[in-house]
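This note is intended to accompany a reading of the structure. Please keep the backbone in view while working through the points below.

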Amino acid sequence: MRTNYHTHTKRCKHAGGTEEDYVLSAIRSQLDILGFSDHAPFPDRDYGLRMPYDELRPYLDAITELSETYDGKIKLLKGLEIEYLPQYHQYYENLLTKEGMDYLLLGEHFFAYGNDIFNIYSSDSTEKYLDYARAVAAAMGTGYFKAVAHPDLFLLNTFAWDKNCDKACDIIVNEAVKTNTILEYNANGYRRGVHDFPDGSRYQYPHPEFWKRVAEAKIPVIIGSDCHNPLQVWDDFVENAYKKLEEYGITPMTVL
Ligand SMILES: [Zn+2]
Ligand SMILES: [Zn+2]
């Protein structure tokens with residue numbers, strides 16, 4: 001069974017293609033299920049790189065309409081990729097109940113820090129990885145998030161591997177075990193290519209040190225395309241992700 005639950009659309013303003021473009025690509029690649037997970041808006045603040053709040057309704061309506069149009073050809077699901085900030089519990093709750101979302105993916109690009117947020121892309125030291133990992137762990141504890149998208153995203157910063165990296169991986173992996181949360185092996189990390197780090201060249205993520213731990217802990221894993229272009233729904237990077245997981249001895253689930 002072929003599925004993908006991590007799909008963006010042009011509504012987030014850094015991806016191309018309408019919902020229908022992704023559906024057509026998924027059908028061409030013979031997917032059985034396509035889940036949309038565009039970057040979620042927040043009701044009271046624009047954190048950037050996401051759909052405007054007033055597009056949430058049109059986004060959901062478009063998926064409902066396409067479900068009818070392509071009924072029998074593919075199953076479509078309504079999801080969002082969203083960060084965890086403790087002040088939004090009611091919002092997550094509403095999305096899952098009133099708005100009828102099928103699932104939320106935790107995509108922690110920033111986290112609550114002091115009275116504001118901290119963007120993980122601007123880490124000044126690996127100390128921040130510990131704060132990041134604790135925020136992801138707190139999110140898993142809420143039960144709002146079906147899976148954690150790119151749980152090793154924090155490792156994209158250009159620091160050499162150190163004990164904080166180990167610790168941050170352990171915090172996230174241990175909490176996933178405790179809460180039985182699904183972790184996503186993200187194909188988009190491969191699309192971003194190999195980068196230079198002080199201790200050698202590697203992909204920013206997925207990181208072998210993280211996934212070795214996941215394999216050992218036998219945590220449920222799903223592969224996410226994290227496509228930002230309709231041609232990426234099922235591409236060589238997705239195929240490569242499946243091959244890589246096999247090397248870790250991980251059999252990914254295909255139904256979220
Ligand atoms: Zn994105
Ligand atoms: Zn994404």
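1. The model is predicted. The points below concern its backbone geometry and one of its helices.

2. As general background, most peptide bonds are trans, and most residues other than glycine have a negative phi. The next three points should be read against that background.

3. Tyr205 and Pro206 are joined by a cis peptide bond, with omega at about -5 degrees. Pro206 belongs to the loop between strand E10 (200-203) and helix H7 (208-217).

4. His150 is not a glycine, yet its phi is positive, at about 25 degrees. The residue sits in the loop between strand E7 (147-148) and helix H5 (163-179). Is His150 buried or exposed? Because 28 other C-beta atoms lie within 10 Å, and 20 or more suffice, His150 is buried.

5. Asp226, also not a glycine, has a positive phi of about 55 degrees. Its loop runs between strand E11 (221-224) and helix H8 (236-248). Asp226 has 29 C-beta neighbours inside 10 Å and therefore counts as buried.

6. Helix H4 (residues 127-142) contains 16 residues. From its first C-alpha to its last it reaches 24 Å, close to the 22 Å expected at 1.5 Å a residue. Just after H4, Gly143 adopts a positive phi of about 80 degrees.

7. Which residues of H4 are buried? They are Lys128, Tyr129, Tyr132, Ala133, Ala135, Val136, Ala137, Ala139 and Met140. The elements covering these buried residues include strands E4 (103-106), E5 (110-113) and E6 (116-119), together with E7 and H5.

Note on methods:
Residues are numbered from 1 along each chain as its sequence is written. Chains are lettered from A and ligands numbered from 1 in the order in which they are written. This is a predicted model: local features need pLDDT of at least 70, side-chain atom pairs count only at pLDDT 80 or more; totals for chains, interfaces and linings use all residues. Helices (H or I, at least four residues) and strands (E, at least two) are DSSP runs, numbered from the N terminus. A residue is buried if 20 or more other C-beta atoms lie within 10 Å of its own, exposed if 12 or fewer, and partly exposed in between; C-beta atoms are placed from the backbone. The expected span of a helix is 1.5 Å times one less than its number of residues. Two residues are in contact if their C-beta atoms, placed from the backbone, lie within 7 Å.
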